[in-house]
Amino acid sequence: MKIARFIRKIPAGTLLIPMFISSLFYTFAPTLFNIGGTTQAIFTGESLNFIIGVACFCSGLLLDFKTLLQVLKKQGSLILLKLTIASLVGHLYINFIGLNGVFGISALALVITLFACNPAIYLSLAETYGNKQDVAAYGLTGLLSLPVFPMIFLGLQSNQATYNMMPLISTLIPIIVGMVLGNLDHDIRNFFSPLLGRILPFMGWALGASINLIDAFKSGLSGIILVLLFYGLLIPPLYLFERKVLKTDGVSTIALSAMPGLAIGFPRMLADVFPGLEPFAASAAANIAFAVVITSILTPILAKIVYQRNQTKM
C-alpha cells in the first residue's frame, strides 16, 4: 500500500491525516490510550509540549544570522500586521458591540481567533511550498499559538496589567538555543534540521487529541461566521501587503491563516485571568473548535491554489 504517497498528495496531509484520526479517537473513545507508560505518552496529547519544543529548537537551527533579517522582514512584518489588525478590530468590537457580541460570537471568541495562528499548519505548508527561510520562521509563528497576545490585549482593554509571560519565554528559549548552536556549528544544523518534517505526523496526532468533533460542529452558524470573519478580516490585507510591499508569492499569508488546536483551551484560561469573561468561555471554546477544524481543512487547499496559480504565471 502506498500510504505515504497518498498522504503527501493531500495539502499538509502529513499533519492533517494523523490529526483527524486522532480527533476521531478523542471524540468517540477519549480514554482509549490512557493506560500509562509509553502508549499514553505518544498516543495522547501529553507529548505535545515536547514535540513543539523540538520543532522550535529545529526552527531555531535554521535561523542563520545572515538571513535572520530576511525572515524578520517577511514573516515578522506579516505577523506584526496581523497583530495590528487583530488589536484594531478587537478594540472596535468590544467598544461598539460589546463583550456579548453578535450572532453568537462573543468578543472573547473573536479576539482569540484573530490573534491566533496554527504553527503546525504553517510548518507543513512551508515545507511543501516554501523555502528554507519560510521553514525557519516556524518559531516566530509559534508565538501566535500562545494566549499571551490575547491576554495582553484584554488586559489593556480592562486596565488589568498582570500577565504571565512565562509561556512566551518558554517558547523563545529553545528557538534561541537552536539558533546559537546552528550558527556555531553547521554540522549540528544539518543533523537536526530534517527533524522538522519528520515530526509533523506526531504533532498532528497530539493536536488531534484535544479536538472533540461533536463539540466543534455544535457551534453551527456562529462557527461559520467566525471562520468567515477570520479569513475576511485577515487574508485580504495580509495578502496585499505580501504581494505589493514584500513582493513575494502570498503563500505565507495563507499559511498563517489557520487556527491552532491549543486555542480551544484559551477561553477558559483567559476567563480565569479576567473573571468578567466567564459567561462567554464555553460558547467561545465551541466556536473556536469549529474554526480549528474548518481552517485546518480549507487553509492547505487555499495555499495549494495560490501556489499553483503562481507557478502557472511563471
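A disulfide is a pair of cysteine sulfur atoms within 2.5 Å. The exercises below apply this and similar cut-offs to a predicted model.

**Exercise 1. Cysteines**

Find how many disulfides the structure holds, and examine C58 and C117.

Solution. A search of the whole structure finds zero disulfides. For C58, the closest cysteine sulfur is that of C56, and because the two sulfurs are 9.5 Å apart, they are too far from each other for a bond. C117 is likewise in no disulfide, since its nearest cysteine sulfur, again that of C56, is 12 Å away. As a last step, consider the surroundings: C58 has a relative accessible area of 0% and is buried, and C117, with a relative accessible area of 0%, is buried too.

**Exercise 2. Salt bridges**

Determine how many salt bridges the structure holds, and describe where the partners of each one lie.

Solution. There are two salt bridges in the structure. One of them joins the side chains of K74 and D134, with a distance of 3.0 Å from N to O. K74 belongs to helix 5 (residues 68–96) and D134 to helix 8 (residues 132–136), so this pair ties together parts that are 60 residues apart in sequence. To judge exposure, recall that buried means under 20% relative accessible area; K74, at 14%, is therefore buried, and D134, at 7%, is buried as well.

The other salt bridge is formed by R268 and E278, whose closest N and O atoms are 2.7 Å apart. R268 sits in helix 18 (residues 266–273), whereas E278 is in the loop between helix 18 and helix 19, ten residues apart from its partner. Here R268 counts as partly exposed at 39% relative accessibility, and E278 is partly exposed with a relative accessible area of 37%.

**Exercise 3. The setting of T299**

Locate T299, decide whether T299 is buried or exposed, and list its contacts.

Solution. Begin with the element: T299 is found in helix 19, which covers residues 281–313. Its relative accessible area is 0%, so T299 is buried. Next, set aside the neighbours within four places in sequence; T299 is then in contact with I121, L125, Y231, I254, A255, S257 and A258. For S257 a further detail can be given, as the backbone oxygen of S257 lies 2.4 Å from a polar atom of the side chain of T299.

**Exercise 4. A charged residue in helix 12**

Work out whether R189 is buried or exposed, and name the residues that R189 touches.

Solution. R189 lies in helix 12, residues 186–192. Because its relative accessibility is 4%, R189 counts as buried. Not counting residues up to four places away in sequence, R189 touches L61, L62, L63, D64, K132, G182 and N183.

**Exercise 5. Helices 10 and 11**

State which residues of helix 10 are buried, and then which residues make the nonpolar surface patch that includes V177.

Solution. In helix 10 (residues 148–157), the buried residues are V148, P150, M151, F153, L154 and G155. After this helix comes N159, whose phi is positive, near 60°. Turning to the patch, M166, I169, L172, I173, I176, V177, V180, L181 and L184 together make a nonpolar surface of about 760 Å². One of these, V177, has its place in helix 11 (residues 166–184), and with a relative accessible area of 38% V177 is partly exposed. A general point helps in reading such a list: an α-helix has 3.6 residues a turn, so residues three or four places apart point the same way.

Note on methods: Residues numbered from 1 in each chain as written. Predicted model: local features only at pLDDT ≥ 70, side-chain atom pairs only at ≥ 80, totals over all residues. Heavy atoms only, no water. Helix = DSSP H or I, 4+ residues; strand = E, 2+ residues; numbered from the N terminus. Buried < 20%, exposed > 50% of the residue type's maximum accessible area, 1.4 Å probe, protein only. Polar contact = N/O pair within 3.5 Å; in protein donor to acceptor, adjacent residues only side chain to side chain. Contact = heavy atoms within 4.5 Å. Patch = residues over 30% accessible without salt bridge, like charges linked within 9 Å, V, L, I, M, F, W, Y side chains within 5 Å. Areas by Shrake-Rupley, 256 points an atom, 1.4 Å probe, with all protein chains shown as cover. Salt bridge = Lys/Arg side-chain N within 4 Å of Asp/Glu carboxyl O.
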